[in-house]
Amino acid sequence: MIYVTRDLLTVLRERAASEDPDEVNVRLSSTPAGEFETDLGLDPATPVVTHFTLPSVGGSVSSVFGVDLGTPAGEGGARFVSHPDGFLGISRTDDLAGVVIVAVPPYDADSVAAFDRSGDGVELAVVDAAPPTESVPE
């Protein structure tokens, strides 16, 4: 099972809709459940997907082979991709991660699913909580 905040999933779906007919492909990062101000009812070490990172410029090797070489083995994290063609699954051209969240038109709550690296479905649980507030040190 993968946990994701409702706000993040909403932003990702909106971005996919606004970029259509182009695909969206972003790296996702998580926050341990124990760091939330609200008790999520999860083990404190459980990762909850809370943020996304825009792709870096100059990642031609990862673009060609579909593998992010900057991510150590075993720490594949998660990715969000959109498939404007409507295929709700993992395709050969997707950048793979430990878990891939896929959205398809019309990019609503019923048009999103999660998959593991091999393409098997993973249960996607939406969490109604905001991640902890972060700030840049002075």
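This report looks at the nonpolar core and the strand pairing of a predicted model.

## The nonpolar core

Let's start inside the protein. The largest nonpolar core holds 19 residues, and Ile-2, Leu-28, Phe-80 and Ile-101 have the most contacts inside it. Six elements each give two or more residues to this core: strand 1 (2-5), helix 1 (6-19), strand 2 (25-32), strand 4 (78-82), strand 5 (99-103) and strand 6 (112-116). Helix 1 supplies the largest share, with four residues.

## Around Ile-2

Ile-2 is a good residue to click on, as one of those with the most contacts inside the core. Which residues does Ile-2 touch, leaving aside its neighbours within four places in sequence? Its contacts are Val-49, Ala-78, Val-99, Ala-114, Val-122, Glu-123, Leu-124 and Ala-125.

## Strand 6 and its partners

Next, follow strand 6, which is mostly covered: four of its five residues are buried. Strand 6 runs antiparallel to strand 5, and five bridges join the two. Within this pairing, Val-100 has Phe-115 of strand 6 as its bridge partner.

Strand 6 also pairs with strand 7 (residues 121-122), again in the antiparallel sense, over two bridges. Here Phe-115 stands opposite Gly-121 of strand 7. Phe-115 is therefore a handy place to trace the sheet from, since it is the bridge partner of Val-100 and also faces Gly-121.

## The hairpin turn

What lies between strand 6 and strand 7 in their hairpin? Four residues separate the strands, and in this hairpin Gly-119 takes a positive phi near 100°.

Note on methods
Residues numbered from 1 in each chain as written. Predicted model: local features only at pLDDT ≥ 70, side-chain atom pairs only at ≥ 80, totals over all residues. Heavy atoms only, no water. Core = buried A, V, L, I, M, F, W, Y, C linked by side-chain atoms within 4.5 Å. Buried < 20%, exposed > 50% of the residue type's maximum accessible area, 1.4 Å probe, protein only. Contact = heavy atoms within 4.5 Å. Pairing = 2+ DSSP bridges.
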